[in-house]
Amino acid sequence: MNNTLYPLKFNPILKDKIWGGQKLKTILNKESDLPNIGESWEISDVEGDTSIVLNGSLKGHSLKELLETFKGHLIGDKNYKVFGDKFPLLIKFIDAREDLSIQLHPNDELAAKRHNSFGKTEMWYTLQADKGSNLIVGFNQDMTSEKYLSHLEDKTLTKILNFDEVKVGDTYFIEVGRIHAIGAGVMVAEIQQTSDITYRVYDWDRVDDKGNERALHNDLAIDAFDFNMPDNFRVAYSKTENQSNKMVSCSYFTTSYLKVTETLKKKNEHDSFLIYMCVEGDAEILVNGISESIKKGETILLPAAIKDYEIASKNATLLEVYV
């Protein structure tokens, strides 16, 4: 395998979902014949869904192979000590034509014990939202497990949920143990720990084309709730042009908002890979005189070994992510 690392693009892994739509095709230019594309997994190391390189001399190799070969040069020495041959983040675009199920995710401890997995702390950046569409995050009142269970049994769960009408740029931090759902008409970029563990507690009484309801996980979910969380899930951030504006920083990832209108000389000062998700416009990323383009709906991984690079654009909005 060629030992020179460069900005890496991967083939998107598209997921057909009962609630999915067509915006990933029509707005983000994903190519697919799937009827309801709910998710595009941009960078994934989930078992059975490992990303494959799309560009350059490493084309055709999997993210897993890259990790085993390049180790700390790919993800950073510190990250390699913690995660080994496991990429720590799962990067997605999500399009909800219908409401997603009401759900929550377990913490690291529960996920390790029950599923041999990481937990699933995540964040959303709203790329597009139809007029009047909502995200559901948290409860609209103080909650206890008893009160929650009685509403669940009475099928009045939606009465105690917090509905937020959203617009482009609205950003949410979803900690483990917090109830949430993406509402119909919303498209988001999602950055999360590498985990596919979701506990569905309510699915709007939906059935598939064979008349079956999707499985719920209420017995698992009740232990995973944190009913004492503060309402600090809405993320305020600055939008100063041509600099990284921190949005979310937690022990699992840091994400910044970067609007580029000129050529920026950048330095990776973290012992980590960098990921750029393009959410508006297009840009060029230049490393050692080699240029790789990124346009709306695309994602690029800059290996940790790359320290100096440039980003050039007249008008691009990027999410910049590292661990």
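Colleague: Which residue follows H5, and what is the sign of its phi?

Modeller: Asparagine 116 follows H5, and its phi is positive, near 50°. Bear in mind that this is a predicted model.

Colleague: What happens at the other end of that helix, and which residue caps it?

Modeller: First the general idea. An α-helix has 3.6 residues a turn, so residues three or four places apart point the same way. Here H5 covers residues 108–115, and asparagine 107 caps its N-terminal end. A side-chain oxygen of asparagine 107 lies 3.2 Å from the backbone nitrogen of glutamate 109.

Colleague: Now the sheets. In what order do the six strands of the open sheet stand?

Modeller: Strands of a sheet pair through backbone hydrogen bonds, either parallel or antiparallel. In this model the order is E1-E2-E5-E12-E7-E10, with antiparallel pairing. Strand E1 (13–21) and strand E10 (171–174) are at the edges; each has a single partner strand, so one side of each is left without a neighbour in the sheet. From one strand to the next, the twist averages 25°.

Colleague: How many bridges join E1 to strand E2?

Modeller: Five bridges join E1 to E2 (residues 37–43), and the two run antiparallel. For one pair to look up, take leucine 14, whose bridge partner in E2 is serine 40.

Colleague: Which strands are joined to E8 by bridges?

Modeller: Strand E9 (residues 161–165) is joined to E8 by four bridges, and strand E11 (residues 180–182) by three. E8 runs antiparallel to E9 and also antiparallel to E11. On the E9 side, phenylalanine 139 stands opposite leucine 161. On the E11 side, isoleucine 136 has alanine 181 as its bridge partner.

Colleague: How many residues of E8 are buried?

Modeller: In a regular strand the side chains alternate between the two faces of the sheet. E8 (residues 134–139) is mostly covered, with five of its six residues buried.

Colleague: Next, the pockets. What volume does the largest pocket have, and which residues lie nearest its centre?

Modeller: Rolling a probe the size of a water molecule over the atoms shows where empty space is left. The largest pocket has a volume of about 300 Å³. Its lining has 21 residues, of which Lys17, Glu39, Gln103, Lys120 and Thr198 lie nearest the centre. By character, the lining divides into six nonpolar, six polar and nine charged residues.

Colleague: Which strand gives the most to the lining of the largest pocket?

Modeller: E11 does, with three residues. At least two residues of the lining come from each of E1, strand E5 (89–96), strand E7 (122–129) and E11.

Colleague: What lines the second largest pocket?

Modeller: The second largest pocket holds about 250 Å³ of space. It is lined by 15 residues, and Thr4, Leu5, Tyr6, Pro7 and Ile290 lie nearest its centre. Strand E19 (residues 290–295) supplies the largest share of that lining, three residues. Eight of the lining residues are nonpolar, six are polar and one is charged.

Colleague: One single residue to finish. Where is serine 272, and is it buried or exposed?

Modeller: Serine 272 sits in the loop between strand E16 (263–267) and strand E17 (274–280). Buried means under 20% relative accessible area. Serine 272 has a relative accessible area of 0%, so it counts as buried.

Colleague: Which backbone atom does the side chain of serine 272 reach?

Modeller: It reaches the backbone nitrogen of valine 323, at 3.0 Å.

Key. Residues numbered from 1 in each chain as written. Predicted model: local features only at pLDDT ≥ 70, side-chain atom pairs only at ≥ 80, totals over all residues. Heavy atoms only, no water. Polar contact = N/O pair within 3.5 Å; in protein donor to acceptor, adjacent residues only side chain to side chain. Buried < 20%, exposed > 50% of the residue type's maximum accessible area, 1.4 Å probe, protein only. Pairing = 2+ DSSP bridges. Axes fitted to C-alpha atoms, helices over the stretch in contact; angles between N-to-C directions. 1 Å grid on protein atoms, 1.4 Å probe; cavity = no way out; pocket = protein on both sides within 12 Å on 5 of 7 lines; lining within 4 Å. Points joined across faces, edges and corners; volume = space filled by probe spheres on them. Nonpolar A, V, L, I, M, F, W, Y, C, P; charged D, E, K, R; others polar.
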